[in-house]
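Here are my notes for you to read beside the sequence and the structure. Please take the points in order and find each residue on the display as you go.

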Amino acid sequence: MTHNSAPYLCGGVFFSLLEPVKYNGTVRQKVNGKYKGVSDPEMMAALINVVTGFVPDSSASGFIKDVSRYRTCSFNGGKNIPFNKADVISAFDYDLKNDYNTLLNRMIDFTDSCILSEVPGRMNWLVKVILELIEKDPSISDEAKFYITADREGTYKSVIKRMSSFELQPFLLGVLHYFITAKKKKKKKKKG
């Protein structure tokens with residue numbers, strides 16, 4: 001999973017950007033020894049649920065190691081993280097285009113349970129950094145489509161650069177969809 005240019009948008013980078021905004025529990029929980037923060041494996045399991053509708057066991061054998069490898073961009077998926085499986089990619093693409101509200105509700109559940117979406121400053125930072133990645137990633141053409149709005153219309157990278165406001169959950173869902181399906185589209189183009 002080598003990528004020669006930086007910065008670039010991939011699953012590991014996306015996941016790493018979610019870490020600073022994830023829910024880490026309250027001070028009171030930490031003081032009382034009842035830490036209720038979200039671990040990286042739990043956050044990955046919730047992200048997998050957004051894509052597949054299935055919540056894997058975040059304590060399963062090898063899951064923690066795979067999450068760590070995915071975060072460092074040294075692993076793009078496999079048994080525990082199915083983001084590179086053709087059937088998962090196709091189903092996710094189909095669902096985004098034909099059952100969008102179900103996926104959006106899963107993303108809302110993800111943000112409600114895993115990240116501090118009620119903290120506007122952190123969410124503004126997250127969106128800004130992802131937008132910067134999209135803009136600077138030379139592997140993403142200006143004609144690349146991102147389904148980042150609730151109207152389900154694809155928005156070209158060239159248009160995204162000029163947009164000034166975004167809804168968090170549709171934005172995150174569209175970015176997730178882009179990097180999961182972009183690999184498959186690039187492989188098809190190479191074959192043709």
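The points below go through a helix pair, two single residues and the cysteines of this model, which is a predicted one.

1. I would begin with the packing of two helices. Two helices that pack together are described by the angle between their axes and by the distance between those axes. Helix H3, residues 40-52, packs with helix H6, residues 100-114, at an angle of about 170°, and their axes are 8 Å apart. Because angles over 145 degrees count as roughly antiparallel, H3 is described as roughly antiparallel to H6.

2. Please look next at the residues that make this contact. From H3 they are Met43, Ala46, Leu47, Asn49, Val50, Val51 and Thr52, while H6 contributes Leu103, Arg106, Met107, Phe110 and Cys114. Sorted by class, the contact of H3 with H6 has nine nonpolar residues, two polar ones and one charged one.

3. Is phenylalanine 92 buried or exposed? Its relative accessibility is 0%, so phenylalanine 92 counts as buried, and the residue belongs to helix H5, which covers residues 86-98. When residues up to four places away in sequence are not counted, phenylalanine 92 touches Val50, Val51, Leu103, Leu173, Leu176, His177 and Ile180. Among these, Val50 and Val51 also take part in the contact on the H3 side, and Leu103 takes part on the H6 side. Valine 50 is a useful example of the fold bringing residues together: it stands 42 residues from phenylalanine 92 in sequence, yet the C-alpha to C-alpha distance between them is 9.1 Å.

4. Aspartate 66 deserves a careful look as well. This residue lies in helix H4, residues 63-71, and it counts as buried because its relative accessibility is 10%, where the cut-off for buried is under 20%. Its side chain makes a polar contact, at 3.1 Å, with the side chain of arginine 69. With neighbours within four places in sequence left aside, aspartate 66 is in contact with Phe75, Asn80 and Ile81.

5. My last point concerns the cysteines. How many disulfides does the structure hold? The number is zero, and for cysteine 73 the nearest cysteine sulfur is that of cysteine 10, at 3.2 Å. A disulfide needs the two sulfur atoms within 2.5 Å, so a pair at 3.2 Å does not qualify. Cysteine 73 has a relative accessible area of 11% and is therefore buried, and cysteine 114, at 4% relative accessibility, also counts as buried. Cysteine 114 is listed above as Cys114, one of the H6 residues in the contact with H3.

Key. Residues are numbered from 1 along each chain as its sequence is written. This is a predicted model: local features need pLDDT of at least 70, side-chain atom pairs count only at pLDDT 80 or more; totals for chains, interfaces and linings use all residues. Side-chain values use heavy atoms; hydrogens and water are left out. Helices (H or I, at least four residues) and strands (E, at least two) are DSSP runs, numbered from the N terminus. Buried means under 20% relative accessible area, exposed over 50%, partly exposed in between (1.4 Å probe, protein chains only). Contact means heavy atoms within 4.5 Å. A polar contact is a pair of N or O atoms within 3.5 Å; within protein, one must be able to donate a hydrogen and the other to accept it, and residues adjacent in sequence count only if both atoms are side-chain atoms. Axes are lines fitted to C-alpha atoms, for helices over the stretch in contact, and angles run from 0 to 180 degrees between N-to-C directions. Angles under 35 degrees count as roughly parallel, over 145 as roughly antiparallel, 65 to 115 as roughly perpendicular and the rest as oblique. Ala, Val, Leu, Ile, Met, Phe, Trp, Tyr, Cys and Pro count as nonpolar, Asp, Glu, Lys and Arg as charged, and the others, Gly among them, as polar.
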